[in-house]
Amino acid sequence: MSFARRVRQAADPIWQASFRHPFVKELGEGTLDRAKFRYYVMQDAYYLRHFARVQAIGAAKSPDLATTARLAHHAQSTCEAELSLHETFAGLLGITEEERAAFMPAPTAYAYTSHMYRAAYEGHLGDVIAAILPCYWLYYEIGERLKTCRPNDPIYEKWISTYSSDWFRSLVEEQIDRLDAIADAVTEEDRRRMEQHFLISSDYEYQFWEMAYRLERWPSAELVKSR
């Protein structure tokens, strides 16, 4: 079994929880509260800005120009394609410039991006790919599971079609292959660390759905509200 398949198998209980999460299920059914999706879009736009920077760190840590070029392309794709998608959602959901200016990342979004930065700055390219791959791969698997759904909502249909597309699948498969190639060339200690990054990111992916579904706030915000 390849390294990528092995860590995917190790993470399966977490991924199954994501597949069953009410945010994902209700998105596919078209019953997800728009307020929850609106919150998700704002938090995910924050996440993707940092995701692109972590991809760029991967480009800088690549051992050859061909890999540098591909990781730079991935970072550019995140900026152009996914953030463009979120700009479209922001317009349809009525997210204002004032809301963007006052935005604060939720605890889970902040922690997840901090985890990716730590993996990237403290490790090598394998650590970067291991930390960012669950986002790619899980979203593609969710897109595949939901692609036959008809939520009767243009925003939810666009989200599903993006992550079940051939374009997105090709990006996922490229990064899976890259993770396997790196894993074959590094030490067992490196592979253990990479697996830990993959599992932690998988857990954060589950927590991200929960964060959006519960409209997560910082504990201090609740303290201020109660005063």
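In these legends, contact means that heavy atoms lie within 4.5 Å, and helices are DSSP runs (H or I, at least four residues) numbered from the N terminus. The model is predicted, so local features need pLDDT of at least 70 and side-chain atom pairs count only at pLDDT 80 or more, while totals for chains, interfaces and linings use all residues. Residues are numbered from 1 along each chain as its sequence is written, and side-chain values use heavy atoms, with hydrogens and water left out.

**View 1. Helix α2 meets helix α3.** Ser18, Phe19 and Arg20 of α2 are in contact with Pro22, Val24 and Lys25 of α3. The axes of α2 (residues 12-20) and α3 (residues 22-29) come within 5 Å of each other and cross at roughly 40°, where an axis is a line fitted to C-alpha atoms, for helices over the stretch in contact, and angles run from 0 to 180 degrees between N-to-C directions. The crossing makes α2 oblique to α3, because angles under 35 degrees count as roughly parallel, over 145 as roughly antiparallel, 65 to 115 as roughly perpendicular and the rest as oblique. By class, the contact of α2 with α3 holds three nonpolar, one polar and two charged residues; here Ala, Val, Leu, Ile, Met, Phe, Trp, Tyr, Cys and Pro count as nonpolar, Asp, Glu, Lys and Arg as charged, and the others, Gly among them, as polar.

**View 2. The buried residues of helix α3.** Phe23, Val24, Glu26, Leu27 and Gly28 of α3 are buried, a term that stands for under 20% relative accessible area, whereas exposed stands for over 50% and partly exposed for values in between (1.4 Å probe, protein chains only). These buried residues pack against α2, α4 (34-61), α8, α9 and α11. After α3 comes Gly30, which has a positive phi near 85°.

**View 3. Helix α4 against helix α11.** The axes of α4 and α11 come within 8 Å and cross at roughly 135°, and the two helices are therefore oblique to each other. On the side of α4 the contact is made by Lys36, Tyr39, Tyr40, Gln43, Asp44 and Tyr47, and on the side of α11 by Glu205, Phe208, Trp209, Met211, Ala212 and Tyr213. The residues of this contact divide into eight nonpolar, one polar and three charged.

**View 4. Asn152 and Asp153 in the loop between α8 and α9.** Asn152 lies in this loop, which precedes α9 (154-163), and its phi is near 55°, a positive value in a residue other than glycine. Most residues other than glycine have a negative phi. With 70% relative accessibility, Asn152 counts as exposed, whereas Asp153, in the loop between α8 and α9, is buried with a relative accessible area of 10%. The side chain of Asp153 is joined to that of Arg34 by a polar contact of 2.9 Å, meaning a pair of N or O atoms within 3.5 Å, of which, within protein, one must be able to donate a hydrogen and the other to accept it, with residues adjacent in sequence counting only if both atoms are side-chain atoms. The C-alpha atoms of Asp153 and Leu27 are separated by 9.2 Å, although these residues are 126 residues apart along the chain.

**View 5. Gly143 in helix α8.** Gly143 belongs to α8 (residues 125-146) and, at 0% relative accessibility, counts as buried. Not counting residues up to four places away in sequence, Gly143 touches Ile160, Tyr163 and Ser164. The C-alpha atoms of Gly143 and Ser164 are 4.3 Å apart, across 21 residues along the chain.

**View 6. Gln175 in helix α10.** Gln175 is found in α10 (residues 166-185), where its relative accessibility of 0% makes it buried. A polar contact of 3.3 Å links the side chains of Gln175 and Tyr136. Leaving aside neighbours within four places in sequence, Gln175 is in contact with Leu71, His74, Ile129, Ile132, Leu133 and Tyr136.

**View 7. Cys79 and Cys135.** If a disulfide is taken as a pair of cysteine sulfur atoms within 2.5 Å, the count comes to zero disulfides. Cys79 is in no disulfide, and the nearest cysteine sulfur, that of Cys135, is 14 Å away, too far for a bond. At 42% relative accessibility Cys79 counts as partly exposed, while Cys135, at 9%, counts as buried.
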